[in-house]
Amino acid sequence: QQLTVTTTDSNTTATLTVTVTKTGAVLGVMTTKGNGKYTAMFTGIPNPKNITVTSSLGGTASAKVKAR
């Protein structure tokens with residue numbers, strides 16, 4: 001199993017952390033790809049159903065995980 005997370009942030013200095021919404025378990029930190037684009041890939045984890053991305057600058061966003 002593989003979970004790929006992509007997002008954008010208008011502030012390119014932000015650190016974005018991905019967590020499981022229900023438990024708060026940290027999956028990892030996203031990597032900046034430049035121009036405000038971020039990505040992260042996690043393997044070997046069960047489908048968390050919902051994830052939350054938290055910015056080091058205070059913002060958060062949650063989304064349902066879509067299985068493919």
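A residue counts as buried when its relative accessible area is under 20%, and as exposed when that area is over 50%; partly exposed lies in between. This report applies those words to a predicted model.

**A buried threonine in β2**

T19 sits in strand β2, which covers residues 16-20. Its relative accessibility is 14%, so T19 counts as buried. Beyond the residues up to four places away in sequence, T19 touches two stretches of the chain. One is G24, A25, V26 and L27. The other is N50, I51 and T52.

**The nonpolar core**

I51 also belongs to the largest nonpolar core. This core has 12 residues in all. Its members are L3, V5, A14, L16, V18, M30, Y38, A40, F42, I51, V53 and V65. Four elements each give two or more residues to this core: β1, β2, β5 and β6. The most come from β5, with three residues.

Where does A14, a core member, lie? A14 is in the loop between β1 and β2. Is A14 buried or exposed? With a relative accessibility of 6%, which is under the 20% limit, A14 counts as buried. Leaving out residues up to four places away in sequence, A14 touches D9, Y38, S55, S56 and L57. Y38 is another member of the core. The C-alpha atoms of A14 and G58 are 9.3 Å apart, although 44 residues separate the two along the chain.

V65 is a core member too. Leaving aside neighbours within four places in sequence, V65 is in contact with L3, N47, P48, K49, N50 and I51. L3 and I51 from that list are also in the core.

**The largest pocket**

The largest pocket holds about 670 Å³ of space. It is lined by 28 residues, and the closest to its centre are L3, T4, V5, I51 and V65. Three elements each give two or more residues to the lining: β1 (2-8), β6 (50-55) and β7 (60-64). Of these, β1 gives the most, with seven residues. What is the make-up of the lining by residue type? It divides into 12 nonpolar, 12 polar and four charged residues.

The pocket and the core share residues. L3, V5, I51 and V65 are among the residues closest to the pocket centre, and these four are also members of the core.

**The β4-β5 hairpin**

Strand β4 spans residues 31-34 and strand β5 spans residues 37-43. The two pair in the antiparallel sense, over three bridges. Within this pair, T32 stands opposite Y38 in β5. Y38 is the residue already met in the core and in contact with A14.

β4 and β5 form a hairpin with two residues between them. N35 is in the turn and has a positive phi of about 55 degrees. N35 is a residue other than glycine. Its relative accessible area is 78%, so N35 is exposed.

**Loops and the end of the chain**

K49 has a positive phi as well, near 70 degrees, and is also a residue other than glycine. K49 is found in the loop between β5 and β6. Its relative accessible area of 53% is over 50%, so K49 is exposed. K49 is among the contacts of the core residue V65.

K66 follows in the segment after β7. At 73% relative accessibility, K66 counts as exposed.

S56 lies in the loop between β6 and β7. Why is S56 partly exposed? Its relative accessible area is 48%, so it falls between the two limits. Not counting residues up to four places away in sequence, S56 touches A14 and T15.

The table sets out three C-alpha separations, with the spacing along the chain beside each.

| Pair | Apart in sequence | C-alpha to C-alpha |
|---|---|---|
| A14 and G58 | 44 residues | 9.3 Å |
| K66 and N50 | 16 residues | 8.9 Å |
| S56 and G28 | 28 residues | 13 Å |

**Back to the start**

N50 appears in the table with K66. N50 is also touched by T19 and in contact with V65. I51 is likewise in contact with both T19 and V65. I51 is one of the residues closest to the pocket centre and a member of the core.

Key
Residues numbered from 1 in each chain as written. Predicted model: local features only at pLDDT ≥ 70, side-chain atom pairs only at ≥ 80, totals over all residues. Heavy atoms only, no water. 1 Å grid on protein atoms, 1.4 Å probe; cavity = no way out; pocket = protein on both sides within 12 Å on 5 of 7 lines; lining within 4 Å. Points joined across faces, edges and corners; volume = space filled by probe spheres on them. Nonpolar A, V, L, I, M, F, W, Y, C, P; charged D, E, K, R; others polar. Pairing = 2+ DSSP bridges. Buried < 20%, exposed > 50% of the residue type's maximum accessible area, 1.4 Å probe, protein only. Contact = heavy atoms within 4.5 Å. Core = buried A, V, L, I, M, F, W, Y, C linked by side-chain atoms within 4.5 Å.
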